[in-house]
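User: Please examine the structure shown below, and explain the reasoning behind each answer.

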Protein chains: 2
Amino acid sequence: MVTLYDVASRAGVSIATVSRVLHGHGAVREDTRVRVSAAIEELGYVPDGAAQSLARNRKDVIGLVCAEHSGLKPDQYDIESMSLMFYDEVMRGVEARIRERNLSLLITFLREDETLGAPEPEGGPVDARLRELSGKVDGLLIGEGILAPHALAKHARRMPLVVIAGDTAQKGTDMVSADNGSGARALAEHLIVDHGKRRLFHIDGPVTAPDAAARRMALQEVVEANPGTVVVGTYTGRFSVASGQAGTERLLAAGGPLPDALVCANDQMAIGALHALAAAGIRVPQDIAIVGFDDIFPASLCDPPLTTVHQPIRMLGERACDRLIARIADPAMRTKLELLPTELVLRSSCGCPPGPARRREIKPVPRRKPAAAPALAAVTVGVGAVAAKSPLLPTTER
Amino acid sequence: MVTLYDVASRAGVSIATVSRVLHGHGAVREDTRVRVSAAIEELGYVPDGAAQSLARNRKDVIGLVCAEHSGLKPDQYDIESMSLMFYDEVMRGVEARIRERNLSLLITFLREDETLGAPEPEGGPVDARLRELSGKVDGLLIGEGILAPHALAKHARRMPLVVIAGDTAQKGTDMVSADNGSGARALAEHLIVDHGKRRLFHIDGPVTAPDAAARRMALQEVVEANPGTVVVGTYTGRFSVASGQAGTERLLAAGGPLPDALVCANDQMAIGALHALAAAGIRVPQDIAIVGFDDIFPASLCDPPLTTVHQPIRMLGERACDRLIARIADPAMRTKLELLPTELVLRSSCGCPPGPARRREIKPVPRRKPAAAPALAAVTVGVGAVAAKSPLLPTTER
DNA sequence: TTGGTCCTTGTAAACGCTTACATTCTCGGC
DNA sequence: GCCGAGAATGTAAGCGTTTACAAGGACCAA
């Protein structure tokens, strides 16, 4: 291994001078600079990152912890796992920011079976992995649902940490999330106001999922705000295609008049519903409208293409990264919850005319203040520039 | 920051003892061990990764360098960029291996505009990024086409390095790649032998792409080996949906009898071809058969579902990682090119009956020895276990 | 008791870098 | 030719670990 000493002795200077040349810091005479540069080049010297970190007292590395589906074999890499793309895109957002600042990105996947279930006991495997990780980074970005709140808080006390797409009710931790509530609200209003749908059937997500909760609450608010509108039934699915299909089959089996629209808590379940309806010979959107949520890639491919809500996933990564870097710089900064605006994507499954998708920016709607959480340090709703320039539900062709 | 010294003084021992407890190395009396563990826990001590790396003289980190498409905005995250999933899946393979050995994974994306074009001058941006990276890792995994061969060789001399899916003609560097040749050969044989197609039209990839070259060569060999079979025309596309569509439109515009089949160098172009044919009212596979390559996710969704060749992408990551770890352990090891077997995925676009995809393992076919490269250090073709148990083109239902 | 073994623990020297501070040059003004 | 100010360079003290080696204790046999 080539070290500073090797370069120094080759160039006939001290290691301090080599270091100065390397970073262009102190003043170095031009001819020495040239001599040293030559030595560096000839020896192929590359500074040792570990030694630099130690001496500078910072690692210039930030860690990203993603939740990975468990036991997924390569050939099962199907629509269910498309949600994997969530972290892939988050990662790209993070990486873009990281790079601008000359930092590095350390990635860890946590398997589903490691992360779910009861709050992990102290010293469990996830806890241990996280500890080890934290010795190698300046700060941590953690995806939703990876750690139980108390464990999260514990780690956050020890090191800079930002949660991505977490439970927005949780306080005292930096968090960046998509504005599920406003998205779901806009979607419901589109169905009810624009398309005059009155009788809705709700294919809900799991009760444990915080984003499902936000979407559910928004739907209810819109329904309440529009007299004559009613949720004729709810099926609690598991965010999978199969459960969307099952829920729809059960709805059909129950008989009675069809509802006007099926509101699905995510795209996968909407796709499942589409399958079930097609099998029953029911036409979408003529006989019944369907909407999803998330705008996963296949949403634009199915028949009819799905009206849904797009999440700014990559931006989630960027913002979370910005926040983390800010916190590393100032550990005393107040914690914040930042909600990013979503976007309505109108395709034809809701009854809109076929053709290219139309997109609507969604103006963030201040959430009902959660009764039990008045002490939230700060809430940033939406993002200045984007929110400011968008009037309520403008339609923009792209 | 809590250090070894803090723990040591709290437990009333020396730092050496704390270190021993931490790693369970030397003998430590039970009661001291307990005392030290308690101190560690109470103080929330986490060893500093940089200091450990420095003292141990290894980083326990490996780097993965991926090529990212440039200027891709979030809402353009469409089928063209599905190839991004390539690295996402490679990454998961790598991560799986990394984790088993308690290493960490450092990720860097290189943008297309940084990586393409003429061999980069010394000290260019990519070179600089790579240098910096290499100070932080024990070894590097580099994706195809990121560095010009000579630059690659230069870096490989300086540190352990394995190329993923690179130009298989290049020698002297460790490389793990999918067996494009055997895959393309099997696909062509399926069309010609099993379906009796005789007149093929080839929608080829860019001349600069090494995998396109491998596929092209295999197609030609199969055609030559089957008298009466002919490639009636070739269109050189750019691996995009649009170019597949354009190539097909040009074929149709030329008039004359339709060929029996369209052999596309990747799935994206096959999908473009499908669009063009549908627009012209030509039925697939009744009027013409189509096959793609890569088995990207949407290949199973289009109409008709695409017959194609599946690449073991995740395994690519795993093998490359294994190889890298081996090289780190033994830098003097001979370099190897490892080709992983591909898999034929039979759906209905080739004329096979509709229904669930059938998959065929592909027995690796030794490649024609490239005339100009006899000095290849070693060639491993296929993978022992898989290759051994599969007779020529067995059909396996899954 | 004494000497010799183990077992346990402590001491101190790396590891390769950054950087505060000390030292040596260089050079213009007198 | 000398002085002083700045510029250029060198010296050395960390940074937080690991680990070779030394040293101290406990215990047993003689």
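User: Which helices of chain B each supply at least two residues of the surface near DNA strand D?

Analyst: In this predicted model, both chains contribute helices to the surface near DNA strand D. From chain A, helix H2 (15-23) and helix H4 (49-56) each supply at least two residues. The helices of chain B that do so are H1 (4-11), H2 (15-23) and H4 (49-56).

User: What percentage of the atoms of DNA strand D that come within 4 Å of the protein do sugar and phosphate account for?

Analyst: Around DNA strand D there are 27 residues, and Ser14(A), Leu4(B), Ser19(B), His23(B) and Tyr45(B) come nearest. Of the strand atoms within 4 Å of the protein, the share from sugar and phosphate is 63%.

User: Which residue has a polar backbone atom 2.9 Å from a phosphate oxygen of DNA strand D?

Analyst: Side-chain contacts to phosphate oxygens of DNA strand D include a polar atom of Thr17(A) at 2.9 Å and an N or O atom of Gln52(B) at 3.1 Å. The contact through a polar backbone atom, at 2.9 Å, belongs to Arg29(A).

User: Which element gives the most residues to the lining of the second largest cavity?

Analyst: The second largest cavity has a volume of about 110 Å³. Of its 14 lining residues, the closest to the centre are Ala184(A), Arg215(A), Leu219(A), Val263(A) and Cys264(A). Helix H9 (180-194), helix H10 (210-225) and strand S8 (261-264) of chain A each give two or more residues to this lining. With 4 residues, the element that gives the most is H9(A).

Technical notes. Residues numbered from 1 in each chain as written. Chains lettered and ligands numbered in written order. Predicted model: local features only at pLDDT ≥ 70, side-chain atom pairs only at ≥ 80, totals over all residues. Heavy atoms only, no water. Near = heavy atom within 4 Å. Polar contact = N/O pair within 3.5 Å; in protein donor to acceptor, adjacent residues only side chain to side chain. 1 Å grid on protein atoms, 1.4 Å probe; cavity = no way out; pocket = protein on both sides within 12 Å on 5 of 7 lines; lining within 4 Å. Points joined across faces, edges and corners; volume = space filled by probe spheres on them.
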